[in-house]
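Welcome, and please take a moment to look at the sequence and the model below. The report that follows walks through the sheets, the helices that pack on them, a pocket and two loop residues.

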Amino acid sequence: MAIVLNTKFSLGLTIIVYLLLTGCSTHVVVTGEHPPVLVQPLDYNIGLVLNSSFTDYSFTREKDDQKIIITLGDSQTQLFSQIFEGIFTSTQRLQGKPQITTNPMDLVVIPRVEKLQVSMPDETSLNVFEVWIQYKLEIFDTNSALITEWSVSSYGRTQTRFLKSTESALHQATNSALRDAGAQIVIGFNEIPKIRDWVKRKTGSNNAR
């Protein structure tokens with residue numbers, strides 16, 4: 001009888017531990033539509049390189065027995081595709097940097113996620129969920145020469161009283177950070193000093209023909 005009781009106790013303890021561990025794990029798959037790009041597109045042919053590290057990007061944080069996973073590769077892929085299709089008249093999505101001889105383009109843009117940070121309500125006095133995303137965009141000319149590297153830091157937050165679960169709060173905060181990044185790229189891309197210089201040279205070269 002003692003063996004049976006110990007077996008039941010062990011099984012019950014295993015179940016409790018499993019429930020506690022799974023209860024501290026949060027997995028968010030980010031989805032949602034992004035606002036349209038409302039700018040006059042520039043008449044250039046752009047190659048947008050979105051490799052697997054970008055399209056499959058997932059963030060994981062383990063802290064104080066709490067595991068958070070945010071999968072946003074699909075959503076940021078849709079966002080960046082939509083942005084550059086709106087900024088330029090012709091955009092080709094690529095998986096790798098193209099060869100000059102086989103696929104000449106005016107510009108090639110390679111974005112990557114440099115950093116993603118999450119702040120939970122119990123970590124601040126603001127009672128909000130916060131998400132920061134830092135992107136870096138490498139921009140090359142038609143000769144594959146690096147024109148510039150541009151860092152874009154975005155931020156999103158959600159107040160806990162508006163949402164029913166940790167998943168929905170982190171989902172909304174991440175979407176807000178993605179929209180912030182999108183707005184900065186749309187507004188700021190043509191204002192990057194080296195891109196402005198490139199456009200001037202390109203325009204002058206075209207006018208001279």
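A good place to start is helix α3, which lies across β2, β5, β6 (107-119) and β7 and runs at about 145° to β5. Please keep in mind that this is a predicted model.

**The five-stranded sheet**

Which strands make up the sheet of five, and in what order? Reading across, the order is β5-β2-β6-β7-β8, in an open sheet with mixed pairing. At the edges sit β5 (88-94) and β8, each of which pairs on one side only. From one strand to the next, the twist averages 25°.

Strand β2 (residues 42-49) and β5 run parallel, and six bridges join them. To find one of these pairings in the viewer, look for isoleucine 46, whose bridge partner in β5 is threonine 91. Helix α4 also packs on this sheet, where it touches β6, β7 and β8. The direction of α4 makes about 145° with that of β8.

**The three-stranded sheet**

Now for the other sheet in this report. It is open, has three strands in the order β1-β4-β3, and its pairing is mixed. The edge strands here are β1 (25-29) and β3, with each pairing on one side only. Its twist averages 10° from one strand to the next.

How do β3 and β4 run, parallel or antiparallel? They run antiparallel, and six bridges join them. Here you can look for arginine 61, which stands opposite isoleucine 68 in β4. Helix α4 appears again: it packs on this sheet, touching β1 and β4, and its direction makes about 40° with that of β1. So that the general idea is clear, strands of a sheet pair through backbone hydrogen bonds, either parallel or antiparallel.

**The largest pocket**

How much space lies in the largest pocket? The value is about 190 Å³. Its lining is made of 13 residues, and those that lie nearest the centre are Pro35, Pro36, Gly182, Ala183 and Val186. Two elements, α3 (73-87) and α4 (166-188), give two or more residues to this lining. Of the elements, α4 gives the most, with four residues. Sorted by class, the lining has nine nonpolar, three polar and one charged residues.

**Two loop residues with positive phi**

Most residues other than glycine have a negative phi. Two residues in this model are worth a look with that in mind, and the table sets them side by side.

| Residue | Phi | Loop | Relative accessibility |
|---|---|---|---|
| Aspartate 65 | near 60° | between β3 (58-63) and β4 (66-71) | 73% |
| Serine 144 | near 65° | between β7 (128-141) and β8 (146-159) | 27% |

Is aspartate 65 buried or exposed? Aspartate 65 counts as exposed because its relative accessibility is 73%, and exposed means over 50%. Serine 144, at 27% relative accessibility, counts as partly exposed, because this value falls between the 20% and 50% cut-offs. The loop of aspartate 65 links β3 and β4, the two strands that run antiparallel in the three-stranded sheet. The loop of serine 144 lies between β7 and β8, which stand side by side in the order of the five-stranded sheet.

Key. Residues numbered from 1 in each chain as written. Predicted model: local features only at pLDDT ≥ 70, side-chain atom pairs only at ≥ 80, totals over all residues. Heavy atoms only, no water. Buried < 20%, exposed > 50% of the residue type's maximum accessible area, 1.4 Å probe, protein only. 1 Å grid on protein atoms, 1.4 Å probe; cavity = no way out; pocket = protein on both sides within 12 Å on 5 of 7 lines; lining within 4 Å. Points joined across faces, edges and corners; volume = space filled by probe spheres on them. Nonpolar A, V, L, I, M, F, W, Y, C, P; charged D, E, K, R; others polar. Pairing = 2+ DSSP bridges. Axes fitted to C-alpha atoms, helices over the stretch in contact; angles between N-to-C directions. Contact = heavy atoms within 4.5 Å.
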